Each structure stands twice: as C-alpha cells, then as structure tokens.
Amino acid sequence: MSFATMKRLLTLTLLSALLAACSTPDMAPPAGEGPAASLPEGPLRVPALASLPDTAPRALAGRYQRAAWSELPGWESDDLSRLWPLVLRNCKGLMRPTSGNLAAPARATPRAWQPVCAAAADPARAPAPGDAAAVRRFLQTHLQPWRLNGADARPASNTVTGYYEPLVRGSRERGGRYQWPLYAVPDDLLIIDLGSVYPDLAGKRVRGKLDGRRVVPYDARAEIEAGSRKPPALVWVDDPVDNFFLQVQGSGRVLLTDGPDKGKTIRVAYADHNGRPYASIGRWLIDRGELSANQASMQNIRAWAQRNPARVPEMLNANPAVVFFREEAVDDPEQGPKGAYAIPLAAGRAIAVDPTFVPLGTPVYLSTTYPATDRPLQRLVFAQDTGTAIKGAARADYYWGFGEEAGQQAGRMKQRGQMWLLWPKQAGEPSAR
C-alpha cells in the first residue's frame, strides 16, 4: 500500500469519526433545495421535455410492485374536490431542475413527470378544479400505483406518526415570563460537505465549529445554555416545553404579545441544526420511571413538566439536539410551513417520508388509521418533507396542520400504515434524482 493511499484511508477514518460525533440527518432543505428554489409565482408553466436538464439517477432502497387502482383501500371514498390546486403546486416543485447534490434528499425525477404536469397545465386536458370525479379520472388516466414493499418483497407496513405547526406566545425581548429562546443560526456553525472533498463520502455532511485549528462537534443543548456566548435569539417564549415541542416540530408560529409588534404573528422556520442526534425526552421519562410507555404522549409530558418545574431543564437537556430558526412572514394563514421540498405543507395532504424509499414530490396513497382508533384514514398525500426519525419503508409523519386541535391529533398518532406511490404511467417504476 502506497503512502498516499495510507494517508487517504487515515483521513477518511478520521472524517468518519467526526461524522459519527457531530452529524445528524437533515431536517430541512440542504443547499440548492431550500428557499432559493422556492416556487415561481403565477400559473404552472411546464418546460419542454428537451429543455429540462437531467442529472445522474439515484438509487432507491424500496421495492415497488405494480398495482391496480382497485387495490387501494378506500380510494373511491377519498374526497378530491379540493385536491387540484395542490396537484398544480406539487407540479411546480416537480418541474424544478435537480441540482445533483447528493447531500440533498432524493427527488422524484422531473423528466418522468413532465408529460403529466404538461397535461395538468393544459386547460383542454385538465379537470375542473372542484370536480372530484374529473380529478380522479385525470389521476387514473395519467398515473400508475406502485405498492411499496420491504426488502422481503412483501407489502411494507410501518409506523405513521403525526406533526403539526404549533402556536406559542413570545416576545422579541427577554423579560418577565419570556425566558426561553428560539435561536437563529450561530455565526460559528460550520457545515462541511465531505463529498466535495472525498467522493467516498458523497452525500455526507458534518456540522461543527472551530476550536483553534481543529473542527470539533458543535455544542450540545446543555453546553449552549451554560455558555457565555450564545446564538442570537429571534424571540423569547413564555414556556420551556412549548419551546421544546416547537423545535421538535421544526417550525411554528409565534404570537408576539408585547413591544412594537404586539399582536403580530410571525413564523419561525427551520434554518439549521447543531448536528447532535435527537434523543427522546419521552424515553428519558420512561427510563426514570416517571411515565409508563403508554403515557409518553405530548400531553402527558407537558403535565409532568407542570408538576416538576425544577426538573424541566434536566429533562430538556437529555436531548442534545438544538434547532436554529429563521423568521418568515405568515402571508397566508391557511398555508403551512415549507417542508424539505420547499413547498408549503397542506393540512391532511402532506407527509414526511424517508426519501431513499419515496423520493420527494411523489404523490402517495396512504392507508392508515386515525390517532388512537381503528377508523380508516385513507387518502392521497404528497411526499414533501423529511425528518430525522422518519426512516424505513412506509414510515411516515402525517401533517395535521396548524393549532391546538392539530396538535392534539399529532400528539396521539402512532398508527400502522402502508403506501402506494403514484407514478407517471409512461415512466416505468419510481425513480429519483
């Protein structure tokens, strides 16, 4: 073995150790897939197929089995009367050129979708937006269902959880009951794309900071709170558990209750992460005998915190991960935050997925049940988000929307579910870029 080869292997070993210490799966769009790639204004415009650039295919981990529409449980009962604007919005995302950045989540192949989106943009071929039967005919004409199977080639069944956009009360200034910060991205946070230096590590990135000439893992939650040099705070929240759950959801709205912006509601959207792995505070409470496994819901964690205020910092610091935010205006209260696909999420019609099985932008037929019941929840949704805990075939996080009722549903949801990917008929089985 040559000295150069030995040096390269040693370097990769060291980088892998750093990767394990200070990286975590992304919870938001990487470079090239975020706000800079936001949707164009106005009606859907579809480029000619010949002018739509392509990048190298990306391998998917799923196995896909062609299915008939009649095999989708409850398909005829799904009310599609308000779906068409979401189809057009999703097509805007599908028609964005892919970047080829392997650190970004896999996306549905734009060229595969060009004929479908061209038909959707053509008034002569598109259905009347509110005509549910016509929308269903359009989808069945242009799309083919593919059942998502596991590695054993059998239908994949996995956990379906829920998430939502919370509302918290806050202030731009610290004082009184407003003591719990939501941080902006710190100036000293480094994001290193390892694949740009070593192709062996394509798609891997680490977060850290400089300590002299060394890159070390970025501070964990307890270290940030104990340190003298903290990230800048966007707002201060009046409840530590509300603050924490907003970070878990990845975005939320803040009602400003004092100062010159009193009465204004802003959105805090995911901007970055300290690179530490997420640890469940519910699991922390279970391990210490504070809650049983069937009690570890959002509502019961909040009740425990109210009974044990002195121990709340200890509980929160059990999770070393910290989310950093950016401020956004709430232009349309009916639209949710942007997911990892940079498209505003629609309540009840968007899910977070593992993009190695379901590339972002893919319409999915989801068959699961309502929270804590066996009542069927079966509907067409769009794969428009990702999450650190959303891993594996048919694993999904269902977006319930905004506010307290959505939070109640999301907090109780831990069901089983199956998926069918809805893919252009002419394009063969699902593919990614």
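**Exercise 1. In this predicted model, determine in what order the strands of the open sheet formed by 3 strands are arranged, and which of them stand at the edges.**

Solution. The 3 strands of this open sheet follow the order 6-7-8, and their pairing is antiparallel. Strand 6 (190–193) and strand 8 (214–217) each have a single partner strand and therefore stand at the edges, so that one side of each is left without a neighbour in the sheet. From one strand to the next, the twist averages 55°. Turning to the pairing of strand 6 with strand 7 (residues 205–211), one counts 4 bridges between these antiparallel strands, and Asp193 is found opposite Arg205 in strand 7.

**Exercise 2. Trace the bridges that link strand 10 to strand 4 and to strand 11, and establish how many residues of strand 10 are buried.**

Solution. Begin with strand 4 (residues 167–171), which pairs with strand 10 in the parallel sense over 4 bridges; within this pairing, Leu167 has Arg253 of strand 10 as its bridge partner. Next, strand 10 (residues 251–256) is joined to strand 11 by 5 bridges, and here the two strands run antiparallel. Two residue pairs illustrate this second pairing: Ser251 has Ala269 of strand 11 as its bridge partner, while Val254 stands opposite Ile266 in strand 11. Both the parallel and the antiparallel arrangement are ways in which strands of a sheet pair through backbone hydrogen bonds. Finally, the count of buried residues shows that strand 10 is mostly covered, with 5 of its 6 residues buried.

**Exercise 3. Continue from strand 11 to strand 12, and explain why strand 11 is described as largely enclosed.**

Solution. Strand 11 and strand 12 (residues 323–329) run antiparallel and are joined by 7 bridges; in this pairing Asp272 stands opposite Phe324 in strand 12. As to the enclosure, 7 of the 9 residues of strand 11 (residues 265–273) are buried, and the strand is therefore largely enclosed by the rest of the structure.

**Exercise 4. Decide whether Thr257 is buried or exposed, and locate its contacts.**

Solution. The residue is first placed in the chain: Thr257 belongs to the loop between strand 10 and strand 11. Its relative accessibility is 16%, and because buried means under 20%, Thr257 counts as buried. When neighbours within four places in sequence are left aside, the contacts of Thr257 are with Arg169, Gly170, Tyr178 and Lys262.

**Exercise 5. Identify the residues that touch the most other members of the largest nonpolar core, and the helix that gives the most to it.**

Solution. The largest nonpolar core holds 78 residues, of which Trp113, Met315 and Met419 touch the most other members. Helix 3 (residues 110–121) gives the most to this core, contributing 6 residues. For Trp113, residues up to four places away in sequence are not counted, and the residues touched are then Leu94, Met95, Ala108, Leu143, Pro363, Leu422, Trp423 and Pro424. Apart from the largest core lies another one, of 14 residues, which include Ala184, Val235, Val237 and Val268. In soluble globular proteins, nonpolar side chains tend to be buried together.

**Exercise 6. Describe how helix 2 is covered, and relate this helix to the linings of the largest cavity and of the second largest pocket.**

Solution. Helix 2 is mostly covered, since 9 of its 11 residues are buried; among them are Trp84, Leu86, Val87 and Leu94. These buried residues pack against helix 3, helix 4 and strand 15.

The cavities come next. The whole structure contains 3 cavities of 30 Å³ or more, and the largest cavity has a volume of about 110 Å³. Its lining comprises 13 residues, with Val87, Trp113, Leu139, Pro363 and Phe382 nearest the centre. At least two lining residues come from each of helix 2, helix 3, helix 4 (132–142) and strand 15, and helix 2 provides the largest share, 4 residues.

The second largest pocket has a volume of about 750 Å³ and is lined by 26 residues, of which Arg82, Glu334, Ala346, Ala347 and Gly348 lie nearest its centre. Helix 2 (84–94), strand 15 (376–385) and strand 16 (396–402) each supply at least two residues of this lining, whereas the largest share, 5 residues, comes from strand 16.

Note on methods
Residues are numbered from 1 along each chain as its sequence is written. This is a predicted model: local features need pLDDT of at least 70, side-chain atom pairs count only at pLDDT 80 or more; totals for chains, interfaces and linings use all residues. Side-chain values use heavy atoms; hydrogens and water are left out. Two strands pair if DSSP finds at least two bridges between them. Axes are lines fitted to C-alpha atoms, for helices over the stretch in contact, and angles run from 0 to 180 degrees between N-to-C directions. Buried means under 20% relative accessible area, exposed over 50%, partly exposed in between (1.4 Å probe, protein chains only). A nonpolar core is a set of buried Ala, Val, Leu, Ile, Met, Phe, Trp, Tyr and Cys residues joined through side-chain atoms within 4.5 Å. Contact means heavy atoms within 4.5 Å. On a 1 Å grid over the protein atoms alone, a cavity is a set of points where a 1.4 Å probe fits but cannot get out, and a pocket is an open set with protein on both sides within 12 Å along at least five of seven lines; lining residues have an atom within 4 Å of a point. Grid points are joined across faces, edges and corners, and a volume is the space filled by probe spheres set on the points.
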